[in-house]
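Trainee: Please take one part of this model and look at it closely. Then connect it to the rest of the chain.

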Amino acid sequence: MSGGIITIVSSVVMVLLFLSELRLFLTTSSAHELSVDVGRGEKIMIHFDVTFHKVPCSWLSLDAMDISGELHLDLVDHDVYKQRLSKNGTPLKEVEKHNVDATKKKAPAAVNATLAGHEAGAGGENGTALATGCGSCYGAEDKQGDCCNTCDEVRAAYRRKGWALSNVDHIEQCAHDLYTESIKEQAGEGCHMWGMLEVNKVAGNFHFAPGRSYQQGSMHVHDIAPFGDAVIDFHHTIHKLSFGEPYPGMKNPLDGAKAGQATAVATGMFQYFLKVVPTSYTDLSNKTLSTNQFSVTENFREAQGGAGRTLPGVFFFYDLSPIKVKIVEHSSSFLSFLTSVCAIVGGVFTVSGIVDAFVYTGTRLIKKKMELGKFS
């Protein structure tokens with residue numbers, strides 16, 4: 001009976017140890033190494049997917065800039081897409097590529113003729129110029145004879161003068177401008193934007209903000225005059241944000257993050273400060289993927305009025321770490337697994353034999369003493 005019990009216990013222990021070793025053999029582990037990042041002249045692919053619940057697509061612009069001086073205004077040359085959403089979040093239109101030029105349109109000939117008639121009635125050289133299709137800049141022209149045939153050209157002329165163009169109702173060109181029309185048409189809607197940006201591997205930022213953007217001297221400016229006193233609420237959900245392709249087990253801290261949910265109206269600047277860590281991942285087949293991980297710190301600045309009013313929007317400021325993480329996958333070899341299995345079988349068999357011999361010898365000794373009457 002004792003031998004049978006030892007055999008059963010030994011078999012159970014042997015099976016448990018074998019299953020444990022098999023699990024270790026089938027499990028892939030990874031080793032992390034740190035080194036100085038010596039890469040130069042590289043690019044970073046930023047993948048994003050963000051929903052703005054209360055900001056229309058026509059109100060949004062997406063800009064990127066870095067410390068090297070490279071600037072992308074409204075990112076018309078990148079793979080960025082958008083989709084209009086209703087108040088309850090359902091799609092309203094088909095997906096379209098983000099293109100600021102889609103809302104630029106010259107005033108029709110009838111408008112130019114009307115403008116020409118107004119100027120000609122007043123007398124002067126402008127009437128002749130307008131008769132050939134030259135629109136008025138409404139006093140903002142740089143020199144005599146400058147033309148403004150679109151609403152954008154009128155706005156640009158006003159910007160150069162440093163004037164504010166808050167009311168475009170009296171601007172004939174803006175009466176037929178698709179941008180102005182889309183601002184009114186899409187009021188109260190939301191916007192789903194996603195895509196990919198290619199930026200230099202240096203510190204910089206990209207941001208979603210209202211209004212057309214432009215560079216005035218050394219300042220980056222957004223024209224929010226067309227929105228008047230409208231409350232611009234930047235409640236948003238970040239479905240995805242990554243700096244490169246994902247590797248197995250990679251977790252991005254902002255995926256699925258929701259901002260502005262704690263307040264009824266989130267009017268202000270959402271700031272995300274990202275520390276990007278260059279990473280290389282080598283799998284078991286020796287294929288290497290170059291990507292990036294990042295950590296994040298969040299901040300919210302409430303909108304303030306006055307001359308120094310806070311520009312509402314969502315801003316991502318990223319900086320590069322000088323340390324590179326190298327992740328290498330590895331697993332146990334079959335020979336190592338086979339050696340461990342043999343050691344388990346042999347070890348358990350040996351130990352069980354010793355225990356069995358000890359129990360058998362002890363039992364016989366006790367029985368012998370009991371027969372001689374010396375066992376007490």
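**A helix inside the fold**

Mentor: Start with helix H4, residues 151-161. Eight of its 11 residues are buried, so H4 is largely enclosed by the rest of the structure. Keep in mind that this is a predicted model. The buried residues of H4 are Cys151, Asp152, Val154, Arg155, Ala156, Ala157, Tyr158 and Arg159. The list includes Asp152, Arg155 and Arg159. Cys151 also belongs to a nonpolar core of nine residues, which includes Cys148, Ile171 and Cys174 as well. That core is separate from the largest one.

Now set H4 in its chain. The chain has six helices and 16 strands. Of its 376 residues, 40% are buried. Take the contacts with a separation of 6 or more: 73% of them join residues 24 or more positions apart.

Next, the largest nonpolar core. It has 38 residues. Phe206, Phe208, Leu241 and Phe316 have the most contacts inside it. Eight strands are listed as giving two or more residues to this core: E2 (43-52), E3 (60-66), E7 (190-200), E8 (204-210), E11, E12 (257-259), E13 (268-282) and E15 (313-320). E2 gives the largest share, five residues.

Look at Phe206 in particular. Set aside its neighbours within four places in sequence. Phe206 is then in contact with Ile46, Leu62, Asp63, Ala64, Leu197, Leu241, Val314, Phe315, Phe316 and Tyr318. Two of the core residues with the most contacts, Leu241 and Phe316, are on both lists. Phe206 is also part of an aromatic cluster. The other members are Phe48, Phe52, Phe208, Phe234, Phe243, Tyr272, Phe294, Phe316 and Tyr318.

Two members of that cluster lead to a polar site. His236 is found in strand E11, residues 236-243. His236 is buried, at 0% relative accessible area. Its side chain makes a 2.8 Å polar contact with the side chain of Tyr272. A polar atom of the His236 side chain also lies 2.9 Å from the backbone oxygen of Phe234. Tyr272 and Phe234 are both in the aromatic cluster.

Aromatic pairs come next. The structure holds 19 of them. One is Phe270 with Phe300, a tilted pair. The ring centres are 4.6 Å apart, and the planes meet at 40°. Phe270 lies in strand E13 and Phe300 in strand E14 (residues 288-302), so the pair ties together parts that are 30 residues apart in sequence. The two rings are not equally covered. Phe270 is buried, at 7% relative accessible area. Phe300 counts as partly exposed, at 35%.

A second pair is Phe334 with Phe337. This pair is tilted too, with 6.2 Å centre to centre and 45° between the planes. Here the partners are three residues apart in helix H6, so about one helical turn separates them. In an α-helix there are 3.6 residues a turn, so residues three or four places apart point the same way. Phe337 is buried, with a relative accessible area of 9%.

That brings us to H6 itself, residues 334-372. It has 39 residues. From its first C-alpha to its last it reaches 57 Å, close to the 57 Å expected at 1.5 Å a residue. The buried residues of H6 are Phe337, Val341, Ile344, Val348 and Ser352. They pack against helix H1, residues 2-26. The unreviewed UniProt entry annotates residues 334-360 as a transmembrane region. Over those residues the chain is 100% helix and 0% strand, with the end C-alpha atoms 38 Å apart. Just after H6, Gly373 takes a positive phi of about 75°.

A positive phi also turns up in a loop. Asn286 has a phi near 70°, and it is a residue other than glycine. Most residues other than glycine have a negative phi. Asn286 lies in the loop between E13 and E14. Phe270 and Phe300 are in those two strands. Asn286 counts as exposed, at 62% relative accessibility.

Back to the starting point. H4 is largely enclosed, with eight of its 11 residues buried. For H6, the buried residues are the five from Phe337 to Ser352 named above.

Key: Residues numbered from 1 in each chain as written. Predicted model: local features only at pLDDT ≥ 70, side-chain atom pairs only at ≥ 80, totals over all residues. Heavy atoms only, no water. UniProt positions renumbered as here; feature names shortened; annotations may be inferred. Helix = DSSP H or I, 4+ residues; strand = E, 2+ residues; numbered from the N terminus. Buried < 20%, exposed > 50% of the residue type's maximum accessible area, 1.4 Å probe, protein only. Polar contact = N/O pair within 3.5 Å; in protein donor to acceptor, adjacent residues only side chain to side chain. Core = buried A, V, L, I, M, F, W, Y, C linked by side-chain atoms within 4.5 Å. Contact = heavy atoms within 4.5 Å. Expected span 1.5 Å × (residues − 1). Phe/Tyr/Trp six-rings, centres within 6.5 Å; stacked < 30°, edge-to-face > 60°.
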